[in-house]
Amino acid sequence: MSNGKQRYRQPSKVIEELEEIVALHAGKKRLRILISDPNFAGNKRIAHELLDQLIAFRARCEVDIHYFVSVRTSTLAKNPELADKMIQAGIDYFFVGLESPNKEVLKALRKGAEGRDTQQQVVNYLTGNGAAVMSNFLLGVDGQ
């Protein structure tokens, strides 16, 4: 993030870095990589391009490679094809900011309006496809 604007790395550069990491990784054990992006898939075009390259990389990689990302609940709920592609790319650990199941609390905090039903749908989908989900919750907010 830079002055409130999200910047993106070129997907080809990300793959080059992954190739270096795998080359340094001794053995054939599972390798888990945190993709440190506060809003993975903030730009869907770039996300799809990166995911296509991650899928191809994972297919030719001799190491069992998996990824951990942070992503908005609404992004996954509104783009199921993106969620499918993320799982196919090896993203199997998701941090989603659920924050509160109460839509009114989320609206008051300007966090969007993905309430309990949407949150549950996304968590069920991810866990049903073998992914782990981690989240955070806001406590002590007026109205809770």
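**Helix α4 and its surroundings**

Visitor: What phi does Gly 90 take, just after α4?
Guide: This is a predicted model, where local features need pLDDT of at least 70, side-chain atom pairs count only at pLDDT 80 or more, and totals for chains, interfaces and linings use all residues. Residues are numbered from 1 along each chain as its sequence is written, and side-chain values use heavy atoms, leaving out hydrogens and water. Gly 90 follows just after α4. Its phi is positive, at about 105 degrees.

Visitor: In what order do the elements of the protein chain run?
Guide: Helices (H or I, at least four residues) and strands (E, at least two) are DSSP runs, numbered from the N terminus. The protein chain has six helices and four strands. From the N terminus on, the order is α-β-α-β-α-α-β-α-α-β.

Visitor: Which residues of α4 are buried?
Guide: Buried means under 20% relative accessible area, with a 1.4 Å probe and protein chains only. Helix α4 covers residues 80–88. Its buried residues are Leu 82, Ala 83, Lys 85 and Met 86.

Visitor: Why are they on the same side of α4?
Guide: Take the directions from the helix axis to the C-beta atoms; the arc is theirs. The buried residues sit on the same side of α4 because they cover an arc of only 165 degrees.

Visitor: What covers the buried residues of α4?
Guide: Both helices and strands take part. The cover includes α2 (44–60), β2 (65–71), α3 (73–78), β3 (91–99) and α6 (116–128).

Visitor: Are α2 and α4 roughly parallel or roughly antiparallel to each other?
Guide: Axes are lines fitted to C-alpha atoms, for helices over the stretch in contact, and angles run from 0 to 180 degrees between N-to-C directions. The two helices pack at about 30 degrees, with axes 9 Å apart. Angles under 35 degrees count as roughly parallel, over 145 as roughly antiparallel. So α2 and α4 are roughly parallel.

Visitor: Which residues of α4 make the contact with α2?
Guide: Contact means heavy atoms within 4.5 Å. From α2 come Ala 47, His 48, Leu 51, Asp 52, Ile 55 and Arg 58. From α4 come Glu 81, Leu 82, Lys 85, Met 86 and Gln 88.

Visitor: Where does Ala 41 lie, and is it buried or exposed?
Guide: Most residues other than glycine have a negative phi. Ala 41 is not a glycine, yet its phi is positive, about 80 degrees. It lies in the loop between β1 (31–34) and α2. Its relative accessible area is 4%, so Ala 41 is buried.

Notes:
Buried < 20%, exposed > 50% of the residue type's maximum accessible area, 1.4 Å probe, protein only. Parallel < 35°, antiparallel > 145°, perpendicular 65-115°, else oblique.
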